[in-house]
Each structure stands twice: as structure tokens, then as C-alpha cells.
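Q: Please take a close look at a single helix in this model and at what it packs against. Start from the chain as a whole.

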Amino acid sequence: MNYVMLIEQEGRQNAIKLDVNDNEPVIVGRSWQCDVVVIDQYVDAEHLKISANDDSQISIEDLQSENGTRLERKSVASPMAYTVGDEIVVGETTLRIINADSEVKSAVKYENFVKLSQRFNNLPCAVIATISFVCMMLAFVYWLGSDYVSRPNLIEGGLTTFGFILGWSLVGGLLSKLARGKTFFYLHWTLFCALFSINVALQVVDNFISFNLGSRMFDHVADHLLAVATATALVYGVLTLISRLDRKKKMGFTAIAIATMLFFDIVKPMLDPEHLKWTSYANVRHSGQPPAFFIGRTQSIDEHFEKMAGLFDNL
């Protein structure tokens, strides 16, 4: 009877046709003389024998291999009956025998991510995205004028931004490798450059409209909408690259991330006055940082307790 053997190694699967009968058993092993050759360092030259009786009942037998054979997690110490579809493990390789006449499922349609990766996960796209981002940054600086942005600040900001993109591309590539089997380094780089370019372009439009309207309410709403839109696209895109979550789960995690961002955006202004009060009492030079990290000068323990007493009296 005709069968097909599926051979799976490290997530990759191959298939070969088998003609299993009692007169001509199938030998599985690492030797080139075997009927089924398995390239696995933990598999013997002749590791496993597969045969069938007159009633087409398949049986498998371990040929006294070094690391043994397992059938559905059970060690094969003697010839064992095999049911079509059961899992056989030899070394680090998984074997499965199925009927060659079984129905083949329809091909799976490409998900959007696969199409994107085929089109944009390459060096030319990453270079184009980088050039676009640099051009948008220069245009934004030209729009603001030299009174707002100096050359040192521009260089420092550019190096910081590209350092962040490079760092995330490496980390995200590692996560993508674990989840999807590929790094997609260029796709990570292209995603961040493209989103930053769009964000800069929208900021130019926002500043232009704000300048002509002169409305603080519009500024506030536009800034929040821009931040939410950028963060939404960024989180959803990153989740697509580093996971195999379906659309609903990705949208759910994205919504949680955006809600958290908005929560802190609302709460932070409420805490700023109290934070400034504590930093002023603690004699801190940098009021935007926690007092514990930027004490203005060393002081004795008596001075410390004296200031703390005054602090609590004022509170």
C-alpha cells in the first residue's frame, strides 16, 4: 500500500513516498543506503525498520540504535504496531506516516504580513525609508528655523533617533527569530523610519494649522491624536513582526498600550506640582528627575534631618 512519510526537523517538514510491505521493509537511518535517509547526528546508520503484514498492518522496530526510538512518547523496545498518523521520534527528528490517498487540504492564503515581508524586508527598502526620514527631519528643521534648532542639537537628536532604531531592530529581530523563524531586520528598520517620517510630516501640518488658527484647544487635541495614531501604528506593527497573534489579540494589546499611555498622560500633570515641591525641598538641581539621583551637594546627617523636619512641617 502506498504511504507518505512526513519528516520534520527544526520546524521544517519534508515528505517522501513509501511502499510498505512485508517482503521489502523500509529502513530508516543516516546511511545513504537506507530507504529513508535522515540527516540527524543522533540517528544511527540503520536506525529503524518499518514493515507491513498481509493485512496491511504497519509495525516498526528499533534496530538497536544508540538513542532509541519513541512511538507516541513510548520507547520502542520490540516490534510495535503502528497506527497511521502516529508520531515517531528518532534523534531530534519527527516522523509521521500517512495514507497517500488521504485528502489534501486547500492551500493556506498568504496573510498580509507575508506579503509585506516579501516586498519590504530588503536592503533597498530600508535605505529608501532612511533617506525619507532624514529628508523629513531636515524639512522639519527648516520649517522651525535656526532659532529653535541648533546644529549640535540636530546632530545629537539624529544620532539618538537612529541609535534607538538600530537597537530596536536588533532586539525586535531576535524576538521575530524566536516567534517567526526569521529576523526581519530590514522590515523593523523600515517600519520605524516610515512611521517617524509620517509623524514628522504630520507635525509640520499640525504646526502650520496651529499657527494660522491660534487655538490652544486645537493644539491640545491635535497633539494627542497624533501621538495616539503614531503609537497605535507602532505597537500594532511591532506585535505583527514579533508574534503570531491574530488580529483581534493584536488590537486588544494595542488598545491596552494606548490606554496606559493616555492614563499616564492625564495623571502626570496632576503629579508635577507635588514633584516640584519635593525637589525644591530636597535641594535638587534637576527638577525633572527623582530627588534621590540628583542631590545638589553632600550634607551631614544633622542637616538632612533638619530639612526633613521642615519638609514635613510645611506638608
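A: In the protein chain, residues 24 or more positions apart account for 45% of the contacts (heavy atoms within 4.5 Å) with a separation of 6 or more. This is a predicted model, in which local features need pLDDT of at least 70 and side-chain atom pairs count only at pLDDT 80 or more, while totals for chains, interfaces and linings use all residues. Residues are numbered from 1 along each chain as its sequence is written, and side-chain values use heavy atoms, with hydrogens and water left out.

The secondary structure comes to 7 helices and 11 strands (DSSP runs numbered from the N terminus: H or I of at least four residues for helices, E of at least two for strands). Of the 315 residues, 27% are buried (under 20% relative accessible area, 1.4 Å probe, protein chains only).

The helix chosen here is α3, residues 151-180. Its 30 residues should span 44 Å at 1.5 Å a residue (1.5 Å times one less than the number of residues), and the end C-alpha atoms are 41 Å apart, which agrees. Buried positions in α3 are Ile165, Ser169, Gly172, Gly173, Ser176 and Arg180. After α3 comes Gly181, with a positive phi near 85°.

The axes of α3 and helix α5 (residues 216-242), lines fitted to C-alpha atoms over the stretch in contact, come within 7 Å and cross at roughly 45°, on a scale from 0 to 180 degrees between N-to-C directions. The two helices are therefore oblique (not under 35, over 145, or 65 to 115 degrees). On the α3 side the contact is made by Trp168, Gly172, Leu175, Ser176, Ala179 and Arg180, and on the α5 side by Val238, Thr240, Leu241 and Ile242.

Technical notes. Buried means under 20% relative accessible area, exposed over 50%, partly exposed in between (1.4 Å probe, protein chains only).
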